[in-house]
Amino acid sequence: MASDILVIGAGVAGMKASLLLASAGRHVHLIESTSVIGGRLIRCEDIFPAMECATCMVSPMQQEILRNDLIDVVTLGEVLSVEGSKGEFRVKILKKASCVDPIACIGCAECWNACPVEKNNEFEENLSKRKAISVPCAGALPNVPWIDKDICLRWNGDENCNLCTEACVFEAVDYSDEDSESEITVSDIILATGFQPPPGKSFERFLWGSNPGVFTASEFERYYSSNGPTSGELLTKDGQTPDSAAVIVHAGGIGSYSNINTMYSLKFLHYLKEKLPDIHPVVLLDASYSPDKLQDRYHQEWRSADTDVIIYTQVPDVHTTKDGKSLSITCKTEGGSFSAEVDLLLLGTTMLPSSGTAKYIELLDIEGNEDGFAGNPEPDHSSVLTTVSGIFAAGCASGPLDIAASVTSAAAAVGRVLANSKGRVS
Ligand code: SF4
Ligand code: SF4
């Protein structure tokens with residue numbers, strides 16, 4: 001029986017699982033599809049509900065992961081195939097070329113400052129640009145850039161471009177770096193591929209994409225973040241300071257709502273209070289989440305956050321005002337109707353399975369549930385089981401979870417793995 005463990009996804013659940021396994025003396029292969037570890041948590045400034053500093057929580061984990069000899073981190077990595085069964089999974093891994101030597105690189109930024117090629121930065125929800133050689137944001141770990149061959153001039157018509165090499169006095173850029181494949185054998189697999197929000201275009205009915213005052217939750221996280229596109233200044237997308245704001249907690253989109261989505265919208269109010277304290281926001285709730293159905297705490301917090309809470313019976317209509325400067329919101333309520341004009345509209349969103357979750361459900365031949373997350377054969381027994389023995393789902397791979405629950409599920413998955421190895425679980 002093999003003893004190494006494969007963890008797919010280096011978000012908070014994957015990192016926690018890897019660290020716990022390593023502390024138990026197990027060798028971990030941690031595969032991450034992006035160039036950095038930390039997952040969606042590193043896009044946030046603060047963690048709800050206590051509004052703790054996200055970096056303070058995640059940075060020690062990232063650093064411990066990167067220096068732990070028992071954890072092999074494969075960034076820009078992908079699992080190509082898995083054969084075998086519990087106790088002996090044979091796994092083929094692809095490591096995409098970064099074209100930067102991580103040992104020689106000190107993350108000085110000279111190469112991406114020199115690069116002439118720009119495209120929208122997906123990490124920043126396309127609210128800013130990145131270069132063909134880049135890290136996703138300041139403070140990313142590992143703080144090592146990678147070359148995106150899809151847009152780099154050397155692979156797209158100008159093989160003589162070497163501006164990044166010339167800028168790098170540490171000789172860390174290596175155009176000859178190529179994708180590589182390797183094979184490992186592991187006893188168990190932990191799927192920790194997280195979630196993704198619905199795409200912005202699913203909110204076009206609320207003028208997302210056509211009015212600069214409309215933000216999805218993910219966009220607003222980046223605007224609030226000190227390492228985000230506005231260095232943490234809360235502005236509309238055309239650079240104006242808003243005087244008024246509304247939050248549609250249940251803005252629809254794709255997927256079903258959980259209490260986490262409802263609770264998460266409270267974070268917007270903390271953000272507004274922190275940086276725009278003169279704003280008195282309006283909070284719009286779907287009547288199906290009326291106060292008697294909400295956990296009391298959320299509703300009281302909305303009230304105590306100095307807001308107007310409006311419960312609507314029909315999805316709000318949103319239009320740009322005649323002067324083109326603000327947003328007009330109207331909706332029906334149980335008592336009649338409501339209307340307001342605001343500069344800023346924040347849209348609460350659902351949590352969908354990430355593209356990685358969808359991909360690995362298929363590749364690992366495990367069953368998905370009706371929402372597309374990894375299915376659990378015994379919902380009352382354990383939330384980390386999948387339909388394949390020896391493969392466990394941690395964090396949001398199995399459904400929407402908050403950070404505390406993600407960490408707990410990672411520990412549960414590790415417990416299962418360690419129990420498996422002692423022959424206590426079939
Ligand atoms: S590759 Fe070179 S220039 Fe670019 S960040 Fe690393 S050390 Fe600096
Ligand atoms: S080779 Fe040129 S285009 Fe490619 S990453 Fe370097 S500077 Fe940018």
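The legends below accompany close-up views of one predicted model.

In this predicted model, local features need pLDDT of at least 70 and side-chain atom pairs count only at pLDDT 80 or more, whereas totals for chains, interfaces and linings use all residues. Residues are numbered from 1 along each chain as its sequence is written, chains are lettered from A and ligands numbered from 1 in the order in which they are written, and side-chain values use heavy atoms, with hydrogens and water left out.

**View 1. Strand β20 and its antiparallel partners, β19 and β21**. Helices (H or I, at least four residues) and strands (E, at least two) are DSSP runs numbered from the N terminus, and two strands pair if DSSP finds at least two bridges between them. Strand β19 (residues 317-320) runs antiparallel to β20 and is joined to it by 4 bridges, with T320 having L327 as its bridge partner in β20. The hairpin of β19 and β20 has 6 residues between the strands, and within this hairpin G324 takes a positive phi near 75°. On to strand β21 (residues 336-342), β20 makes 7 bridges, again in an antiparallel arrangement; the hairpin that joins β20 to β21 does so through 2 residues, and S328 stands opposite E341 in β21.

**View 2. The two faces of strand β20 (residues 327-333)**. In a regular strand the side chains alternate between the two faces of the sheet. In β20, the side chains of L327, I329, C331 and T333 point to one face and are buried, while those of S328, T330 and K332 point to the other face and are not. Here buried means under 20% relative accessible area, exposed over 50%, and partly exposed in between (1.4 Å probe, protein chains only).

**View 3. The surroundings of ligand 1 and ligand 2**. A residue is taken to be near a molecule if one of its heavy atoms lies within 4 Å of it. Ligand 1 has 13 residues around it, of which C105, I106, C108, C111 and C168 come nearest, and its shell divides into 11 nonpolar, 1 polar and 1 charged residues. For these classes, Ala, Val, Leu, Ile, Met, Phe, Trp, Tyr, Cys and Pro count as nonpolar, Asp, Glu, Lys and Arg as charged, and the others, Gly among them, as polar. Around ligand 2 stand C115, P116, V117, A132, I133, C152, L153, R154, C161, L163, C164 and Y175, a shell with 11 nonpolar, no polar and 1 charged residues.

**View 4. The contact between domain 2 and domain 3**. The domain bounds, which come from an automatic or database domain assignment, are 5-96 + 179-196 + 352-421 for domain 1, 110-167 for domain 2 and 200-347 for domain 3. The contact takes 7 residues from domain 2 and 8 residues from domain 3, where contact means heavy atoms within 4.5 Å. About 610 Å² is buried between domain 2 and domain 3, with carbon and sulfur atoms giving 62% of that area; buried area is the accessible area (1.4 Å probe) that two parts lose on being put together, summed over both. Of the area that domain 2 buries against domain 3, E124, E125 and L127 supply 72%, more than any other three residues. E125 lies in the loop between β8 (118-120) and β9 (129-131), and its phi is near 55°, a positive value in a residue other than glycine.

**View 5. R43 and helix α5**. R43 lies in the loop between β2 (28-31) and β3 (46-47) and, at 18% relative accessibility, counts as buried. Leaving aside neighbours within four places in sequence, R43 is in contact with E122, F123, E125, E221, R222 and S225. Because 8 of the 8 residues of α5 (residues 217-224) are buried, this helix is largely enclosed by the rest of the structure. The buried residues of α5 pack against β3, β15 (214-216), α6 (259-275) and β22 (344-347).

**View 6. Backbone details at A109 and P142**. A109, in the loop between β7 (88-95) and α3 (110-114), has a positive phi of about 80° although it is not a glycine, and at 16% relative accessibility A109 counts as buried. P142 is placed in the loop between β10 (133-134) and β11 (146-147), and a cis peptide bond with omega of about -5° joins L141 and P142.
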